[in-house]
Amino acid sequence: MTIAHFPSAKTLESFDFRFQPSADHKLVKELATARFISQAENVLILGPPGVGKTHLAIGLGRAAVEAGHTVLFVSATALIAHLSKAEGEGRLGEQLGFYAKPKLLVIDELGYLPFEKRSAHLFFQLVARRYERGSILLTTNQSVGQWGTVFGDDVLAAAILDRLLHHSHTLLIQGESYRLKQKSAGLMGRENPERAPA
Ligand SMILES: Nc1ncnc2c1ncn2[C@@H]1O[C@H](COP(=O)(O)OP(=O)(O)O)[C@@H](O)[C@H]1O
Ligand SMILES: [Mg+2]
């Protein structure tokens, strides 16, 4: 768990699937068995801000560690910063090797900042290197149709998507932001927000 570098201690048990019915509980349970990692399959978690993408990514990452796999959690921004820095210092191969090593690489929050062309190319190299060898679990607030914009290049975006989606599971979350639910309940003077009616 320590070397996985999870940013907080979220678990699948603490995720309220009743609040977020669009999150496919059955699929999450299947992914929690970590079988997708043995098959080197990928997972994409898509949805707007606050719907629990990072929470589920951490929960699934923990489940993978418990199943005996090596896991590394990194934000998309930090990943690109590390790869760019390494490239500038002439040790890109080594840094790509570092990110290629864990059985599961969790890349959180792709799409909040568009990539420069060079960064998009570094991301492509990583995805190509892990393709059919190790799993990537990616969270993003952008639908795949927007990836051309995220990567600043339609051809590169298509090449990345092609490899990511070839053997993959997609979890699309479409509900309300959990953060805003808590916030609005607070503003209404309720400490413990009631669940939204089913
Ligand atoms: N269905 C849920 N049950 C319990 N906590 C949730 C749920 N959805 C979101 N949260 C909590 O709300 C906050 C925002 O969720 P987060 O995973 O960061 O959202 P996202 O990554 O989609 O922006 C976190 O503290 C998370 O633990
Ligand atoms: Mg997030």
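## A walk through the sheet, one helix and the ligand shell

Start by selecting strand β4, residues 135-140: six of its six residues are buried, so the strand is mostly covered. Buried here means that 20 or more other C-beta atoms lie within 10 Å of the residue's own; with 12 or fewer a residue is exposed, in between it is partly exposed, and the C-beta atoms are placed from the backbone. Strands are DSSP runs of E with at least two residues, helices are runs of H or I with at least four, and both are numbered from the N terminus.

Before moving on, keep in mind that this is a predicted model: local features need pLDDT of at least 70, side-chain atom pairs count only at pLDDT 80 or more, and totals for chains, interfaces and linings use all residues. Residues are numbered from 1 along each chain as its sequence is written, while chains are lettered from A and ligands numbered from 1 in the order in which they are written.

**Stop 1: the two sides of β4.** Show the side chains of the strand. S135, L137 and T139 point one way, I136, L138 and T140 point the other way, and all are buried.

**Stop 2: the neighbours of β4.** Now add β1, residues 42-46. This strand pairs with β4 in the parallel sense over four bridges; two strands count as paired if DSSP finds at least two bridges between them. To see one of the contacts, pick I45 and look across to T139, its bridge partner in β4. Then bring in β3, residues 104-110, which runs parallel to β4 and is joined to it by five bridges. Here I107 stands opposite L138 in β4.

**Stop 3: along β1 to β5.** Stay with β1 for a moment. What is its cover like on both faces? N42, L44 and L46 on one side and V43 and I45 on the other are all buried, and the strand is mostly covered, with five of its five residues buried. Add β5, residues 168-172, and you'll find it parallel to β1, with five bridges joining the two. Click I45 again: in β5, its bridge partner is L171.

**Stop 4: over the top with α6.** Select β3, helix α6 (residues 117-130) and β4 together, and you have a right-handed β-α-β unit. Right-handed means that, with the strands pointing away from the viewer, the path from the first strand over the helix to the second runs clockwise. Try a distance check on the helix: at 1.5 Å a residue, the 14 residues of α6 should span 20 Å, and its end C-alpha atoms are 20 Å apart, which agrees. The expected span is 1.5 Å times one less than the number of residues.

Next, color the buried residues of α6: S119, A120, L122, F123, L126, V127 and R130. Look down the axis and these buried residues fall within an arc of 160°, so they line one face of the helix; the arc is that of the directions from the helix axis to the C-beta atoms. Turn to the other side of α6 and there are K117 and A128, both exposed.

One more pick in α6 is Q125. Q125 has 17 C-beta neighbours inside 10 Å, so it counts as partly exposed. Its C-alpha atom is separated by 8.0 Å from that of L96, 29 residues apart along the chain.

**Stop 5: two positive phi angles.** Go back to β3 and select E109. E109 is not a glycine, yet it has a positive phi of about 65°. How many C-beta neighbours does E109 have inside 10 Å? It has 18, so E109 counts as partly exposed.

Now jump to the loop between α1 (25-32) and α2 (35-38), where A34 sits. A34 also has a positive phi, of about 70°, although it is not a glycine. Is A34 buried or exposed? With 21 C-beta neighbours inside 10 Å, A34 counts as buried. In this loop you can also pick T33, which has 12 such neighbours and therefore counts as exposed.

**Last stop: ligand 1.** Select the shell of 15 residues that surround ligand 1; the closest are D16, G52, K53, T54 and Y178. A residue is near the ligand if its C-beta atom, placed from the backbone, lies within 6 Å of it. The elements giving two or more residues to this shell are α3 (53-66) and α9 (178-187), and α3 supplies the largest share, three residues. Color the shell by type and you get five nonpolar, six polar and four charged residues. Nonpolar covers Ala, Val, Leu, Ile, Met, Phe, Trp, Tyr, Cys and Pro, charged covers Asp, Glu, Lys and Arg, and the others, Gly among them, count as polar.
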